[in-house]
Amino acid sequence: MADTYQEEILELIWTIEEENDKVDKDVLLKKVDIPDAERHIKALVEESYIIITNKKVQLTKKGRVDARLIIRRHRLAERLLHDVLEVKEDTMDSSACKFEHFLDEEVTASICTLLGHPVSCPHGKAIPSGDCCEKANKEIRPVVMPLTELRSGDEARISYIVTKYHQRLDKLSSMGLVPGVQIRLHQRQPTYVIQMGETQIALDSAIAQSIYVRLV
Amino acid sequence: MSQKAADIYKVALVGNPNVGKSVIFGLLTGKYVTVSNYPGTTVEVSKGICKGLDGSVEIVDTPGANSLIPLSEDERVARDMLLEEYDKHIVQVMDAKNLRRGLLITTQIAEMGLPVVLVLNMWDELLDRGMNIDIVALQKIVNVPVIKAIATHRIGVSALLGAIPSAKVPNLSIDYGILIEEGISKIEKVLTMDARIHKRALAIMLLSRDEALEDNLRNKLTHETLVEIQDIRDDIQKHFSNPLSYVINIKRASFVDKLTKKVSIAHIQKKETHPLIRGVFFYFLVPLVSFLVGYKLMALIMYLISAGFQTSDVFSLAVSLIAGGISASYFSSSVYLKNRKAKLTISEILGSITMHPLAAFPILIIILWIVYKLVGEFGAGTCVDFFENKIFGNSLNPSGGFDIALSIPFIQKSYHVLHVDFQGFNYYLGLLTQKVISKDNIIFELFFNEQSGLIQVGLTYAIAIVFPIVGFFFLAFGIMEDSGYLPRLAVMVDKVFKQIGLNGKAILPMVLGLGCDTMATLTTRILNTKKERIIATLLLALAIPCSAQLGVIAGVLGRISGIYFALYAFIICTQLLFVGYLSSKVLPGDPSDFLMELPPFRMPKLSNIFIKTFYRVHWFLKEAVPLFMIGTLALFIATKLGVLSFVEKMGAPVIKNFLGLPVETTHGFILGFLRRDYGAVSIFDTLQEKGGDAGIDPKQLLVSLVVITLFIPCLANFFVMIKEQGAKNAFLMFAFILPYSILIGGILRIILQQF
């Protein structure tokens, strides 16, 4: 397993490659900001994470797998800091650098799931996908989802209603739209229309977003 | 009971929106309330005397409510009526096919301890949908009289009359769980005042944080008691993550669900349309109508762009035919495919098509076109011409009478039947008056002045011009409303309206505004928030031309060229969106949710539509005619005092230099404040005169018509704005619209000069 400094180097190689550049050893040494970089690069070569031919640095298969995981952790951490914790841009960058070294597999997957398997970091670069993303992709749709995720014609049962507006909650429930009720999504455009028993109700996307349903 | 019923109780009609309360009210009292298929139209309570009951029992109609713990103004009106201090029997009207939603209210009435009769209305639609209700079981469980009814066919009314005296308190009680029940009994104990309804109901309302009720109780209970009630509520709330009102509603809903299941009879055969009618619908009507839609739409487009490039008749005919063919094959196949998947009834299919994201727009355009033909061309053209020139005429010149002729369509032949030698009311009245006073006398002028006489202008205008236009418009509006098209239109426009600070609900005042802005301003009451009401009022005054004005404008511009009419429509729509967008950003307040019930698409009953139109026109004449008279009087006085010519002088430089119009048009703009269309006509005449042989300058015409449309609303509308929004807001809107309309006109002129 590569240590912290080695991980930094692998990460840097990945990002330079990403920009479609050949990685030059001198450029790498200039860019990498760690003490005794020469020695770490040597170690990486010895442990066959990378190969250096004519000063050109390339990731080996083993190195690529590790670099990919580091990048994934870093960018997921950025997303977490940016979207959920709302920290400032510069703090985000430096914290994300620390996160990438201590997040383990399981925690990374949980963060990824929490964030809804994002595909790009706040800077717009791709986040390599993990096992959890593949799984989520295969299951297509989660079990309980907002009404807005239904396709027209789908039959579903209301699971719960989440909204910060009491008024909306009261209004929906007094119309009889409460958990347990079966509905059918009649159409999505131009506005959501649902069928509940013999009543057709039109509602806007803000309301539809707050109604969570389970397909039947 | 030897005492007469009248001395004992009143009857209150209660129920969900759109279940037919107003129709039943009409049947019980013989009185007419505007029955509407658009939720939220009854905002005020109507009262009447019930015919057919022993003595004179007063009966009140309430706005539709989904809950008696009010969430909106209309629900509050309905609930407050039940709290009033007199004995009452309730007639709860419900839509039989939506039993569950009706019973939600029944449980609330039971908690109040009020006697009730249940009316299961629209029984025919229930059966049509293959459902049935076990009335006997329902009656047994709830223990109150239950009546089947089809109100629009007067079925069930006499049974209802017979049942009202024996109304009973429903035998329904819901257990809300230990925590809430404890709270209810605690609050019941501190409610020491007298109340007509059970304190349990009051306690439940208070737990649900019914603020209107709390305000009500403020003068009946001490401050300490109210604080105590709050403490009890907060104490219970701690145990729940959801608001108590929601917890209570859920308990109520699950109770009602069980009850509904017990009395519903499992699906029987759904009524099917006769195969022959179905066949005609699918293989004949749909292709035919959709062909016409496509054909007409393309013809309209060709007309609008006709100024852009010259097309031969054969070419446009071919293009229109192709468009018709495409439309016919697309619609027919998609309707047919959809139907094969699910066995939908014809009205269900129509109901979905009219709010289909793609199909609905061409349909909308065609419907607008038909309404325009009916209201704008036939109503505002032919009828107004006849009424104004022939029936009313001129006080000084005879109209020359008119011919009655029988014309046979298609062969272009007409047979002259007779000549009516009628010279017009105003002519005869003028002759009569001249026997007493000379025509130069100021009194004669007060009534017969060509520009501001009370009879020659005020009354003639109200009846000869506005009456036919508004009458035809209300007829068209009634059909849209009763068929259920209007609520579907709300679905269509919701997204756009959200951008201008309104929601789909606001389509009702906006469409009504195309008939009469004055009446439309009154209906802005159905909107949820103050912000929405202000925006809607402003936009109606600014950018929605009423039918009288639109008729003239379309006629005038249409004669010049299609492209100018298209430009006109584009500019007005842009202004509507732009000003709406700005005011939605400037005015404080949150947007409100769009949550609306869509009534089923129905074949409207013509008799109902005629009655409705009659009552609307009646209302209009009663409300608007006096305003027209006052306005005319004001104009007359202003003319005589020289105020008018002063204003004209003041305005002339702006009109001439900024808008680039002849000075004489100033008069037209000022007239526009009184009668919108007359302003347009006057400007058109002036421009034509100035244009001389070269003809009218279309750019000038466009500028002036845009300005007169955006220009300050007519006097009647302005009075209503003051009534609804207060004098301050009305004057602020006035102060915005006046310079804004001229500004837009000026900008338009500068842009047009570049071409």
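Trainee: How many residues does each chain bring to the contact between chain A and chain B?

Mentor: In this predicted model, the contact takes 30 residues from chain B and 27 residues from chain A. On the side of chain B that touches chain A, the elements giving two or more residues are α3 (99-112), α11 (244-263), α19 (485-499) and β11 (595-598) of chain B. Sorted by class, that side of chain B has 15 nonpolar, 7 polar and 8 charged residues.

Trainee: A strand appears among those elements of chain B; with which strand of chain A does β11(B) pair, and in what sense?

Mentor: Strands count as paired when at least two bridges are found between them. Here strand β8 (residues 199-203) of chain A and β11(B) pair in the antiparallel sense over 4 bridges. To follow the register, one can take A:I201, which stands opposite B:E597 in β11(B), and then A:L203, which stands opposite B:L595.

Trainee: What is the order of the strands in the sheet that contains this pair?

Mentor: The sheet is open and has 7 strands in the order β4(A)-β9(A)-β5(A)-β6(A)-β7(A)-β8(A)-β11(B), with antiparallel pairing. β4 (144-146) of chain A and β11 of chain B stand at the edges, each with a single partner strand, so one side of each is left without a neighbour in the sheet. The twist from one strand to the next averages 40 degrees. At the β4(A) edge, the partner is strand β9 (residues 211-215) of chain A, and the two pair in the antiparallel sense over 3 bridges, with A:P146 opposite A:Y212.

Trainee: Which strands does α19(B) touch where it packs on the sheet?

Mentor: α19(B) touches β7 (192-196) and β8 of chain A together with β11 of chain B, and its direction makes about 145 degrees with that of β11(B).

Trainee: Are the residues of β8(A) buried or exposed?

Mentor: A residue is called buried when 20 or more other C-beta atoms lie within 10 Å of its own. In β8(A), 5 of the 5 residues are buried, so the strand is largely enclosed by the rest of the structure. A:T199, A:I201 and A:L203 point one way from β8(A), while A:Q200 and A:A202 point the other way, and all are buried. On the side of β7(A), the two strands pair in the antiparallel sense over 5 bridges, and the bridge partner of A:Q195 in β8(A) is A:Q200. The hairpin of β7(A) and β8(A) has 2 residues between the strands, and there A:G197 takes a positive phi near 60 degrees.

Trainee: Which other backbone features in the loops of chain A should I look at?

Mentor: One is the peptide bond from A:Q189 to A:P190, which is cis, with omega near -5 degrees; A:P190 lies in the loop between β6 (182-187) and β7 of chain A. Another is the loop between β2 (50-53) and β3 (56-59) of chain A, where A:N54 is found. A:N54 has a positive phi of about 50 degrees although it is not a glycine, and A:K55, in the loop between β2 and β3 as well, has a positive phi near 70 degrees, again in a residue other than glycine.

Trainee: Are A:N54 and A:K55 buried or exposed?

Mentor: A residue counts as exposed with 12 or fewer such C-beta neighbours. A:N54 is exposed, with 6 other C-beta atoms within 10 Å, and A:K55, with 12 C-beta neighbours inside 10 Å, counts as exposed.

Trainee: Which domains does the domain assignment give for chain A?

Mentor: The assignment gives domain 1 (4-59), domain 2 (65-138) and domain 3 (144-215). The C-alpha centres of domain 1 and domain 2 of chain A lie 22 Å apart, and 9 residues of domain 1 are in contact with 7 residues of domain 2. Helix α1 (residues 4-18) of chain A gives the most to the side of domain 1 that touches domain 2, with 7 residues.

Trainee: How does the radius of gyration of chain B agree with that of a compact globule?

Mentor: With 755 residues, a compact globule would have a radius of gyration near 27 Å, and chain B has 30 Å, which agrees. Along its principal axes, the C-alpha trace of chain B spans about 90 × 65 × 55 Å. Chain B contains 30 helices and 11 strands, and 45% of its 755 residues count as buried.

Terms used: Residues numbered from 1 in each chain as written. Chains lettered and ligands numbered in written order. Predicted model: local features only at pLDDT ≥ 70, side-chain atom pairs only at ≥ 80, totals over all residues. Domains from an automatic or database assignment. Contact = placed C-beta atoms within 7 Å. Nonpolar A, V, L, I, M, F, W, Y, C, P; charged D, E, K, R; others polar. Axes fitted to C-alpha atoms, helices over the stretch in contact; angles between N-to-C directions. Rg over C-alpha atoms; globule rule 2.2 N^0.38 Å.
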